[in-house]
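User: Could you pick one part of this model and take a close look at it? I'd like to know how it is built and what surrounds it, in one connected walk-through.

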Amino acid sequence: MKRLVIRTGVRWKISIAIASVGALIALALSLIVHNATRVSMLDNARDAQMSRLRMAQIWYESAKDKGPRAHDVKVNDPTLPKELQRLMQQKRRGTLVQEPDSGPPQIWAAVPLADGSVLSSRVPFAGRSATILRDLDRALIIGSVSVVFGGSALGVLIGGQLSRRLRRAAAAAAEVAEGNTDVRVLNAISGVVRDETDELAHAIDALTDALQARIDAERRVTADIAHELRTPVTGLLTAAELLPPGRPTELVRDRAQAMRTLVEDVLEVARLDGASERAELQEVALGEFVTRRIAIFGQDVSVQVVHDSWVSTDPRRLERILFNLLSNAVKYGKAPIEVTVEGRVVRVRDHGPGFPEALLREGPSRFRTGASDRAGTGHGLGLTIASGQARVLGARLTFRNAAPAGPSSPADEPAAAGGAVAVLWLPEHAPTATGSFPVLRLGS
């Protein structure tokens, strides 16, 4: 079962976190302030109600007419709450806030009289007090909303700065991964404020330097070994030519030639890894060029030129790429092998088992020939050299497996079984800053 993944930016995560914390704090403070203010106002209302009732008690006990003069003051009110009734039985005065199911709270006050009667009054908690409380609630709501939006804006600013630093670090790391080892992540994100991001960048730069030093050392060792083997292998191949004819002589010559080819390939890989190669550009008609070179290749390969075009490229390197792709198709694939030229794109397809998954994920790797279902011969340098030469040309070389024929097959795939497909995308413009020779036009 595929796991659901939600992608979001750091700035929005920080903004949401700050806004959530601000909202919780604002809500808690608003409730505390509202309740404290309401309790204080109710206490003041109860004290005021008791003061009024005491004055009414004094008037009632001193007047000859025992009727209450205030409309909210009653004697022996049958609706007097039970809590106040119990206080009156104890000859104690008191106040009470009664919360009805609907309407404003009711403020009760009651005092016992000398004749055993109970003088009480009831007024609603409304008017100016309720207005003040509503205004306070409105101010708290506005303040809480302002805090939430202000926290969100602050989170966007803080998160945006962090996000930009991380994006610059990721971009710099991507450049390093593409081979530009002069880029430093720490320089890309440098600023006035230093934080953990700078520590991460410093660690990445240190790791890059260590890996680059190790890779350079391995390249030097490989190149030195191949260079040292070049002379004795050439001598061995020359000596093999002097042996008398026979099957053993043929075997020695074949192995010596294979060793020489391997040494030359290793030296070529070392030169490509050193990024010192430069393209010698010429303008060629791509369709005609590919057709002629495949004819020289001498294998049963079909060529289809859908659309021819002139390209500015290095013919020698383009031929090397094409031959390596065809050799790989002949060695590991199955017939028919098809080459298609369409504009600036060259496709080489076989109908074998396809490229191994490791190559599709990671790209060509030297001395790795692929899955066990292939022939298992070779040294894994052909596609590595082809990819390196494509980089020198400013081109892009991609690898994929063709889908088997069926209803779900892509429209641009031929109706046949699967197979390996290598696609060379030549650039629209010639590579710059390569030290190339002036452009020459070849005759057709």
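Analyst: A quick word on labels first: helices here are DSSP runs of H or I with at least four residues, strands are E runs of at least two, and both are numbered from the N terminus. Keep in mind that this is a predicted model. By that count the protein has 10 helices and 11 strands, and I'd zoom in on α7, which spans 286-297.

Start with the geometry. What span should the 12 residues of α7 have at 1.5 Å a residue? The expected value is 16 Å, and the end C-alpha atoms of α7 are 16 Å apart, so the two agree. Right after α7 comes Gly 298, with a positive phi near 80°.

Now for how the helix faces its surroundings. The buried residues of α7 are Leu 286, Gly 287, Phe 289, Val 290, Arg 293, Ile 294 and Phe 297. They cover an arc of only 160° around the axis, which means they sit on the same side of α7. Look at the other side of α7 and you find Ala 295 and Ile 296 exposed. For scale, 36% of the 444 residues of the protein count as buried.

What does the buried side lean on? The buried residues of α7 pack against the strands β5 (282-285), β6 (301-307), β7 (310-313), β8 and β9, and against the helix α8. Val 290 is a handy place to stand: leaving out residues up to four places away in sequence, Val 290 touches Leu 322, Val 339, Val 341 and Val 346.

Zoom out one step and you are in the largest nonpolar core, with 35 residues. Val 290 is among the four residues that touch the most other members of this core, along with Leu 325, Leu 326 and Leu 424. Besides α7, the elements giving two or more residues to the core are α8 (315-332), β8 (337-342), β9 (345-349), α10 (382-392), β10 (396-402) and β11 (419-425). The largest share, six residues, comes from α8. A second, separate core has nine residues, including Met 50, Tyr 60, Ala 109 and Val 111.

Several of those strands belong to one sheet. It's an open sheet of five strands with mixed pairing, in the order β6-β8-β9-β11-β10. β6 and β10 stand at the edges, each with a single partner strand, so each has one side left without a neighbour in the sheet. On average, neighbouring strands are turned by 15° against each other, direction ignored. In the middle of that order, β9 and β11 run antiparallel and are joined by five bridges, and one pair to click on is Arg 347 with its bridge partner Val 423 in β11. α10 packs on the sheet too, touching β10 and β11, with its direction at about 135° to that of β10.

Two loop spots around these elements are worth a look. Between α8 and β8 there's a loop that holds Pro 336, and a cis peptide bond joins Ala 335 to Pro 336, with omega at about 0°. The usual picture is that most peptide bonds are trans. The other spot is Gly 394, in the loop between α10 and β10. Gly 394 is partly exposed, with a relative accessible area of 41%. Gly 394 and Thr 313 are 81 residues apart in sequence, while their C-alpha atoms are 9.0 Å apart in space. Across the protein, among contacts between residues at least 6 apart in sequence, 64% join residues at least 24 apart.

For contrast, glance at the other sheet. This one is open as well, with four strands in the order β1-β4-β3-β2 and antiparallel pairing. β1 (73-75) and β2 (94-98) are its edges, each with a single partner strand, so one side of each lacks a neighbour in the sheet. The twist from one strand to the next averages 20°. Helix α1 (residues 10-62) lies across all four strands, β1, β2, β3 (106-112) and β4, and runs at about 40° to β3. Helix α2 (residues 82-89) packs on this sheet as well, touching β2, β3 and β4, with its direction at about 170° to that of β2.

Terms used
Residues are numbered from 1 along each chain as its sequence is written. This is a predicted model: local features need pLDDT of at least 70, side-chain atom pairs count only at pLDDT 80 or more; totals for chains, interfaces and linings use all residues. Side-chain values use heavy atoms; hydrogens and water are left out. A nonpolar core is a set of buried Ala, Val, Leu, Ile, Met, Phe, Trp, Tyr and Cys residues joined through side-chain atoms within 4.5 Å. Buried means under 20% relative accessible area, exposed over 50%, partly exposed in between (1.4 Å probe, protein chains only). Contact means heavy atoms within 4.5 Å. Two strands pair if DSSP finds at least two bridges between them. Axes are lines fitted to C-alpha atoms, for helices over the stretch in contact, and angles run from 0 to 180 degrees between N-to-C directions. The expected span of a helix is 1.5 Å times one less than its number of residues. The arc is that of the directions from the helix axis to the C-beta atoms.
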